[in-house]
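Subject: Structure handover

Hi,

Here is the structure for you to load. Please look it over before you read my notes.

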Amino acid sequence: MSVISHAVGTPLDRLDGPDKVKGAAVYAAEHPVDRPAYLYPLQATIAVGRVIALDTAAAGAEPDVLAVLTHRNAPRLASAHDAELAVLQSDEVAYRGQIIGGVIAETPETARHAAHLVRVTYAERAHDVALRPDRDDLYKPLNAAFFCRGGGELMDGSPADSAVGDVDAALAAAEVRLDATYTTPINHHNPMEPHTAVALWSDDELTVYCSTQGVTLSRDLLATVFGLDPRRVRVVCPHVGGAFGSKVYCHSYAVLAAMAAQIVHRPVKFALTRRQMFSLVGYRPATVQRIRLGADPGGRLTAIAHDVVVQTAKAKGYAEQVAVCTRCMYAAPHRRTTHRLAPLDLPVPTIMRAPGQAQGMFALESAMDEMAIACGLDPVEFRIRNEPGVDPETGRPFSSRHLVDCLRDGARRFGWDRRGPVSRARREGAWLVGTGVSASTHPSPRFAGNTTTIRAGPDGRHTVLIAAADLGTGTWTALTQIAADALGVTVDEVELRIGDTALPPASPAGGSAGIDSWGTSVVETAGRLRALIDSHHGGVVPPQGLEVTSDMPDNPDAAHYAMHSFGAQFAEVRVHADTGEVRVPRLLGVFDAGRVINPKTARSQLLGGMTMGLSMALHEQGVVDPRFGHVVNGDLAEYHIASHADVGSVEAYWVEAEDPHTNPMGSKGIGEVGIVGTAAAIANAVHHATGIRVRDLPITLDKLLRQPVVEE
Amino acid sequence: MKPFRYQRARDVRGAVDMLAQAPHGAFLAGGTNLVDLMRLGVATPDLLVDVRRLACDRIEELPDGTLRIGATVSNSELAADRRVRRRYPVLSQALLSGASGQLRNLATTGGNLLQRTRCVYFQDLTTPCNKREPGSGCPAREGYHRELAILGWSQACVATHPSDMAVALAALDAVVRTRGPDGERAVPLTELHRLPGDEPERDTVLRHGELITAVDLPPLPPAARSGYRKVRDRASYAFALVSVAAVVEPADGAVRDVRIALGGVAHKPWRASTAEQALRGAPATAERFRAAAEAELSAARPLAGNAFKIPLVCNTLVATLVGLADEPP
C-alpha cells in the first residue's frame, strides 16, 4: 500500500529529547525498585582451566554482604545450551574475564570490596589466543546464523563460501593483478551507558530492566535459560544510552543478575564497569583478509577473490560475514569468497555496527584503490567502470542501487576534480595532504517477529504499541512519524509505546532493519484499522474506541531482489611530515538509503557512523596479550575512541530515491551504512598524502614514520 | 574499593602530623589519579588526609623574580595565569595539552607531580607488576608497551611518567618545596622523580608524610623563548607518546643557552642534558639540532613495540627548536 506523506520526511525534533535533557528519561540502572541489592561479579583471571577452590569466607563475613554466588551454590539453569548464557553451571573457565561468581551486598561499594576478598584457586590449562591465518585448526563455519538460532553458515545466514567461474585461471590470465592482505583488530563498542540489568522475581515471574536493543529477544533468551514460559518474563527498556550491537544479545550479566535476585529474594542491580565491558559484552572480532583482483588493461575487473580468516571463541561459535560485501559490490565474471574461523580462547565476539561489512569493506575498498592506481585510473572512475547491472553472484536485480549517483554527487560536492593522481604531491607547511574515496554498502533486510497493536480513540488519538527499541537513534520520533502518516493523523495524535515485552513483540534494533521492520508492521496494522473503520463503522471511530492487532506481513519481493543500502565516502587527510600524526579535517558521504523517514535523525545516524568509522580507522584497537589471554588496554584512557578534536567537518547527504521493493515506506537501512567504507576512504587518503599504504588498522603514527630495527 | 578513613587537614603542619601517624595513609588533593587507583584496588590507603583546602592556593611573585606556585593551585588556574602565560608559555601550553577541562579544574599542582607512572599492567590487578607488587615481575617489557620508556628503564619497570606539566617544570629548573615530619626542604624538580632501578614502587624521592607545599619557578632571561610540543595517538585527551619542553635563548644565529626536557620516554621527565651540552654556543641550525637529538638518544634502549619513539623524539625535538629559534623576539 502507499501512504500519503506528511510527517515522514520532515526533520522533526526528537520527541524524547526534552525528557533526556531534563534527566527524566529513565535508563536501566535508574528504574526504581524496592530495597535493591547490588551485585559485583567475580571474573576468571586465567584464560582456560577449572576453578578448583573458592574461599569466600572473608567476603561473606563482611558486614552488609548478602550472598556470594559461585558455581557451587548457583541455581541450576533449565538450559545450558547457550554457552555464553550458561552462567555458573560448572567449574570450567573458557576465557579470561568469564563470570565465575558474584557478591551481592547492600551497597555497590561493599559488593565491590568484598569481591576483592574472594580467593580463587585454578587448575590452569594452556591457552591460545593468536589470530594467524596459518593456524591448523581453522574451520568453515556451520549454523552460526543469528547467534546459532537460525539456519545458515554465517551470522547473517549467508553461506560461508561462494564461487562463480574460475578465479584462479582468471587471475593467472589477468594483465593487471593485485594480491594484498589486510588486517583489522578487535574493536569494542563502548556505548556511554554501561550494560545494566535490574532483576526482580515475584512468585515465578521475572522482571528485568535491561539496557537492550530488543526486549523481545532478551525475554526469549532469559525464558529459555530459566525454563520459564515467556509470558512469565518481562523485559523493560524504554531508553538505551548507545549500544552499537553490544546490546542485541543479553549476555551473561543479565543471567547473573536474575540468579542473584533469586538467591537473595530481593531486586538486584548490576551495572557493569567500563573495564568489565571489555570482556563480558562482546566485541568486533579481528580479521585477516587476503584480496586478489585481476583486471584487463581497460580497468575492468575479471576476477575478485576475498578470503577471510576471522576469529571466533572456542566457548561459543560466532561467524561474522566479512566477505559478504564483496559478493554484491563489483562486476567480474570470476569470483570467490571464503570464510574460515580461528577458534581462540577469548571472550565471545558479537555484533558491532556493520558486523563484517565494516572490516570487509576496509579491505575491499583499499584493494580497489590500489587496483585503480595499478590500472592508471581515477578511483571514482574505476569503481563506476565496474558497477554491476544486477547482483553479480545471484543475478537478481537490485531493489534499488544508486551507488554511481552517490559517487558522482559526492565527487562534485567534495571537489574531487581538483585532486591530482600522484601521491605525496601536496604539502601545506609541515602537513602532507591527500584525499581518498570509498564505497559503502550494507544489507537492508526486514526481520520477522513483529506485531503491532493500535488503539483508536473517538477523540482522534491513537496509541501504537510495539516492543521496538530506541538506542538513542530516534525510534521514538521516526516510528511516530510513520504511524501518523499511516493513520492519516498528525504526530501529536499518536502516542507510541515501545521498549517493553508487555507490548506486542518486535525484532531487535539491529541489522539496519529496525525502522524498516517495525514501520512495516505499524503501516500494516494502521491500514487494517483504517479499513475496519471504513468498512464497519462508517469512517468514524466508535465511542468505545477500536483496537486492531496484526503481524507484519512477509515481503514477497525479498526472494526476487537484492536489497542493500549504498554510499560513497570522501576523506581529506593531513599527515604531519615529522611526527606521522594523522588528522581528518573533512569527511563527506552521499548515501542511498531509500526514502528518509526523518532527515534530522537520519543525518545523525550517518554522521555517527562516519565518526565511528574515523575512530576505527585511526584509533580503535583491543590489544590482546597472548600470555594472559585478555585485552590489556581495557579502559577509555588506553582504548582510544576519536575525541572531539579528532573530528573535523563531517557532511552527510543522500540521493532522493524511494525503494519500491523493501517496505511500504520505501526506506532502506541507515544505521550501519555510515561506518562502512570510512576507514578505507581514510586509508586511501593517507596513501595519497604520503605514498604509504597502511593495510593494518588502526592507522597510527608509527606506521607512517621511518623506524630503526630493534634487536631483541 | 577498600574501606578507608577520611580527614580534612586544617593546615600544613596538621596534615603532616596526621599522616605521620598513619603509615598506610595518603594525602588527597584533586583525587583525579588516586581515586581512580583506589577504585581499581591498585592503591589501598586506610586514611586519606584531604589537603585540597589548605592555604596553598596562591601564585605569588617573590622579590628575586621567582614565581611561587602554591601546591593546591589547580591546573586550570595555573595555565590561565597571566604571568605564567607571558613568561613561561611552555608551562601554560603543557598544562593545556593535558587531560580535559574537567580534570584540570580538579587537579592540583602538587597532585599533578605525584600522579603515578602509567602502564596497563600496573592498573590491572590480574597481572603481575613490580610497581604494584614488588618482586612479582614486569609483564610490560615483553608485552604491551607502546607508550612506555625508551630511556632509563630497568629490568624491573619500563613505565613512563604521564605528567605534561612536570616536563615543562623540568625544563624551567623549577624547585619543589616540601614539608615533612623532619621539616622543610627544597628539591629540584629534576631530582623529584626517580628512575625505577630495582625499586619501581617508588616514583619520587619524597618520604612518607612529606607534603608538597609549593613549586618555585626561577625567572628566565628576557631573551628566552619557550614552548611545549606534545605528540599523541589522538588529537586530545591522550597521554604523550613523546613530548618536548624547550627553553631557548638565541643570540646572533647561535644558541646562547638551551634547556630541554622530554616526556613520554622515561619513568621521570627526562632532562636532555647531553643535547643541551651539544647545543650551548652552537649555531642554531636544524642540522645541529638533529645531531644533538641523536646524541641524546644514543643512550636509548627501545623495546620491541616502541622503537618508533626514537625518530619521533628526534623529529619533534628538531621541529620544536627550529620553531623557537625562528620565533620573533
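Below are my notes on cavities, a pocket, two residues and one annotated domain.

First, a caution: this is a predicted model.

**Cavities**

The structure holds nine cavities of 30 Å³ or more. The largest has a volume of about 180 Å³. Its lining is made up of 21 residues. Nearest the centre of this cavity are B:Arg118, B:Glu147, B:Thr160, B:Phe239 and B:Ala240. By class, the lining splits into nine nonpolar, seven polar and five charged residues.

**Second largest pocket**

The second largest pocket encloses about 1400 Å³ of space. It is lined by 50 residues. A:Asp156, A:Gly157, A:Pro443, A:Pro445 and A:Phe447 lie nearest its centre. Four elements of chain A each give two or more residues to this lining: α4 (145-148), α6 (215-226), α9 (324-329) and β17 (431-443). The class count for the pocket lining is 22 nonpolar, 17 polar and 11 charged.

**A:Ser246**

Is this residue, A:Ser246, buried or exposed? Its relative accessible area is 0%, so A:Ser246 counts as buried, the cut-off being under 20%. A:Ser246 sits in the loop between β11 (233-236) and α7 (251-264) of chain A. Its side chain reaches the backbone oxygen of A:Ala243 at 2.8 Å. Leaving out residues up to four places away in sequence, A:Ser246 touches A:His189, A:Pro191, A:His195, A:Gln213, A:His251, A:Val281, A:Thr350 and A:Ile351.

**A:Thr611**

A:Thr611 belongs to helix α15 (residues 599-618) of chain A. Its relative accessibility is 25%. That value lies between the 20% and 50% cut-offs, so A:Thr611 is partly exposed. The side chain of A:Thr611 reaches the backbone oxygen of A:Leu607 at 2.7 Å. With residues up to four places away in sequence not counted, A:Thr611 touches A:Val647 and A:Val650. One distance to check: the C-alpha atoms of A:Thr611 and A:Thr453 are separated by 37 Å. These two residues are 158 residues apart along the chain.

**Annotated domain**

UniProt, in an unreviewed entry, lists residues 22-126 of chain A as "domain: Aldehyde oxidase/xanthine dehydrogenase a/b hammerhead". Over that range the chain is 13% helix and 33% strand. The end C-alpha atoms of the range are 52 Å apart.

Best wishes

Technical notes
Residues numbered from 1 in each chain as written. Chains lettered and ligands numbered in written order. Predicted model: local features only at pLDDT ≥ 70, side-chain atom pairs only at ≥ 80, totals over all residues. Heavy atoms only, no water. 1 Å grid on protein atoms, 1.4 Å probe; cavity = no way out; pocket = protein on both sides within 12 Å on 5 of 7 lines; lining within 4 Å. Points joined across faces, edges and corners; volume = space filled by probe spheres on them. Nonpolar A, V, L, I, M, F, W, Y, C, P; charged D, E, K, R; others polar. Buried < 20%, exposed > 50% of the residue type's maximum accessible area, 1.4 Å probe, protein only. Polar contact = N/O pair within 3.5 Å; in protein donor to acceptor, adjacent residues only side chain to side chain. Contact = heavy atoms within 4.5 Å. UniProt positions renumbered as here; feature names shortened; annotations may be inferred.
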